Amino acid sequence: MATFGEIQSGNLGQNLYEKLENCKVLVVGAGGIGCELLKTLVLTGFNDIEVIDLDTIDVSNLNRQFLFQKQHVGKSKANVARESAIEFNPEAKIKAYHDSITSPDYDVNFFKKFSVVLNALDNRVARNHVNRMCLAAGVPLVESGTAGYLGQVTVIQKGVTECYECQPKPHQKSFPGCTIRNTPSEPIHCIVWAKHLFNQLFGEADADEEVSPDAEDPEAVGDAGAVANNSSNDELQRVSTQDWAKSIGYEPTKLVQKFFIEDIKYLLSMDKLWKERKAPVPLDIENLNESLLPDNENGLPDQKIWTIKECIEKFHRCVELLKDELTKKGDFLVWDKDDDASLDFVVSASNIRSHIFDIPQKSRFDVKSMAGNIIPAIATTNAVISGLIVLEALKALQGDIANCQTVYLNKKPSVRKKLLQPSPLVAPNPKCYVCSTKPEAKVMMDCSKVTVKSLEDKLLKQQFGVIAPDVEIEDGKGTILISSEEGETDQNNLKFLSDFGITNGSRLKIDDFHQNYELVLNIVNCSNMADDEEFKILQDIEKADEEKDGTVNEVANEIMEGKDANEVIMDEVVNEEVKEVNKDSNRKRKASESFSDDPELTPKHARIDLTDDNELQNDDNERQVLFHANGSLVPEESERRLEPATVIDVDALSEDEDSNSEPPVMVIDDDDGENLKVLGETNGEKDEPVVVVLDDD
């Protein structure tokens, strides 16, 4: 009988199989994607694998992370995944680390020993870090992610493709502080408030997460600063919430009295807030109105909505449990959606607040999803993505980056009946503040209000993802603002940047030795920053080496500058004139253009002319299309297929003789992996096609 090696050698070819046997692979993450990936790697023939994950196994992981079983709950994911995966091929060598990949132990030299790194992560901080370490080590990285039915895989190679941070990522949605503290109108506002309350009582307090009424709300007038009705100054004095809670021994009844009765009365004294809003009603424990709750008789326990009486009881019990846990731990607690006491505290507190503001209440299941930013994970999605990761890794191992692709997994088949949507890799962004030759970024802030500590924690670590920064002011003196050596510059923490002469035009040199990463920050001083905005990162700080060509089509300019009334998306346009404008758009040229002149690698996409006329543009030779004259898709074998590089004029579209032909369509190859979108008829009228972006594969 043939051995496993002989079978795989026949499947993959002797040369490739030998590469698998001799290469060393790092898998970062042993969760949903990581479990499937480890299994797939071992069954493909990879023999030398290292896996790292700091997390432990929770019972909620068992429905999709099939390397884990009930008896493994509470154990290290990396260690158990290793034990389970090795059973598929006992000859495989797998080393597990129960640790954080951001630890200084895993430096550039650690990454250099691998042939390829495979990311199976679920958070942006770790992704940013691994991206930088692979760039520093010159090791190819296969990045991946899933969200429900959607998934994505791409390959990152220094100097050849975009890195993970080349394009700005959308920030997690946040809400104005005054909305959270004074005028919630949606369940999520109450859930965020409840999480803030948890941190103020038991966690590491943050001034930006205050939960008491905001008397400085610009809408508040009149008696906004006065003591609330029937309340004393002692009850409402603004001291540290945690210190106050400790002084009363975390007495649940007093907490309820303050946060759900006295603070609400105080809010009611801000008379202008309620002129056009429904005013909140302080909690009346003796007369609870539960008539508006939906039927709770059916469904799973976690899908039932608690009554307010149940919420109050749960709140009392959770406060006692969390107080005991805080006493044992000694410093502070971290909110965890998988900890029953932490979750039930947020569920009960948010629903009581929702009741007060007449906002629909949510079940425990819903609150856990919203508070934990959970997108349901699907095992089959993870399996498909892990297979794609291995396929791209095989290409990278052979040095065949030119044939690597970004592949999107869609929820539904595209108009071309495909679930998988391949897209060429994109060349590096020359303005990227991570992988460009001389990384720079421009940041707007009020230097007279930003402290050194805030600069380090909120901007450098949270926004730019540095681990241990050294910061020097480029003032000709070499002034050290922040040192990575513990305690060396602590005396600077509470000082404002303006105290060091930092103002408009100042430059700060950032050096993170651990990540082998340097960055220069160009400061733009602004004295009128928005109340909820301390920093603003400005894009495109590099001076353009070339100005836009005056011959660029006016319509293309309008498209790229967002002036057209229609929402226009343009992706990988080949025309060199349009490409000059496209430098400031969301997409760049293909990475394959960096090292290949093969016309077969040229993207084949199309643009639709939206000008109000009946004439096509004259520069047809440099654009492409795959549409009938009536706007419907053209099969490749069709004789009526239009010649490549054609512009369709919406107003010049002719009616097809076939009355049953497809209406005009719009296909968007979105780089976030969203479903392809099709526009058809609306109310019996043809929708106007917008811009077409179509991979001719």
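At what angle do H13 and helix H14 (residues 364-371) pack? In this predicted model, the angle between H13 and H14 is about 105°, and their axes lie 10 Å apart. That makes H13 roughly perpendicular to H14, since angles from 65 to 115 degrees fall in that class. On the H13 side, the residues that meet H14 are Asp340, Leu343, Asp344, Val346, Val347 and Ser350, and their partners in H14 are Arg364, Val367 and Lys368. Sorted by class, this contact holds four nonpolar, one polar and four charged residues.

H13 has a further helical neighbour to consider. The axis of helix H12 (residues 308-329) comes within 8 Å of the axis of helix H13 (residues 340-356), and the two cross at roughly 140°. H12 and H13 are therefore oblique to each other, and their crossing is left-handed. From H12, the contact is made by Ile308, Cys311, Ile312, Lys314, Phe315, Cys318, Val319, Leu321 and Leu322. From H13, it draws on Ala341, Ser342, Asp344, Phe345, Ser348, Ala349, Asn351, Ile352 and His355. Here the classes come to twelve nonpolar, four polar and two charged residues. Asp344 of H13 appears in the contact with H12 and also in the one with H14.

A step back helps to place these helices in the whole. The protein contains 18 helices and 18 strands, and 49% of its 697 residues count as buried. Among contacts with a separation of 6 or more, 67% join residues 24 or more positions apart.

Helix H3 (residues 32-44) offers a view of a mostly covered element: eleven of its 13 residues are buried. These are Gly32, Ile33, Gly34, Cys35, Glu36, Leu37, Leu38, Thr40, Leu41, Val42 and Thr44. From its first C-alpha to its last, H3 reaches 19 Å, close to the 18 Å expected at 1.5 Å a residue. After H3 comes Gly45, with a positive phi near 125°.

Helix H16 (residues 452-463) brings the strands into the picture. Its buried residues are Val452, Ser454, Leu455, Glu456, Leu459 and Leu460. They pack against six strands, namely S9 (440-445), S10 (469-473), S11 (479-482), S12 (507-512), S13 (517-525) and S14 (535-538). As with H3, a glycine of positive phi follows: Gly465 comes after H16, with a value near 70°.

The loops add some details of their own. Positive phi also turns up at Tyr250, which is not a glycine and has a value of about 55°. Tyr250 sits in the loop between helix H10 (241-247) and helix H11 (252-268), and its relative accessibility of 5% means that it counts as buried, the cut-off being under 20%. Asn516, again not a glycine, likewise has a positive phi of about 55°. It is located in the loop that runs between S12 and S13, two of the strands against which the buried residues of H16 pack. Is Asn516 buried or exposed? With a relative accessible area of 53%, Asn516 is exposed.

One more loop residue, Leu425, lies between strand S8 (420-424) and S9. Leu425 has 5% relative accessibility and so counts as buried. Its C-alpha atom is separated by 8.8 Å from that of Asn403, although the two residues are 22 residues apart along the chain.

Terms used:
Residues are numbered from 1 along each chain as its sequence is written. This is a predicted model: local features need pLDDT of at least 70, side-chain atom pairs count only at pLDDT 80 or more; totals for chains, interfaces and linings use all residues. Side-chain values use heavy atoms; hydrogens and water are left out. Buried means under 20% relative accessible area, exposed over 50%, partly exposed in between (1.4 Å probe, protein chains only). Helices (H or I, at least four residues) and strands (E, at least two) are DSSP runs, numbered from the N terminus. Contact means heavy atoms within 4.5 Å. The expected span of a helix is 1.5 Å times one less than its number of residues. Axes are lines fitted to C-alpha atoms, for helices over the stretch in contact, and angles run from 0 to 180 degrees between N-to-C directions. Angles under 35 degrees count as roughly parallel, over 145 as roughly antiparallel, 65 to 115 as roughly perpendicular and the rest as oblique. A crossing is left-handed if the near helix is turned anticlockwise from the far one by less than a right angle, and right-handed if clockwise. Ala, Val, Leu, Ile, Met, Phe, Trp, Tyr, Cys and Pro count as nonpolar, Asp, Glu, Lys and Arg as charged, and the others, Gly among them, as polar.
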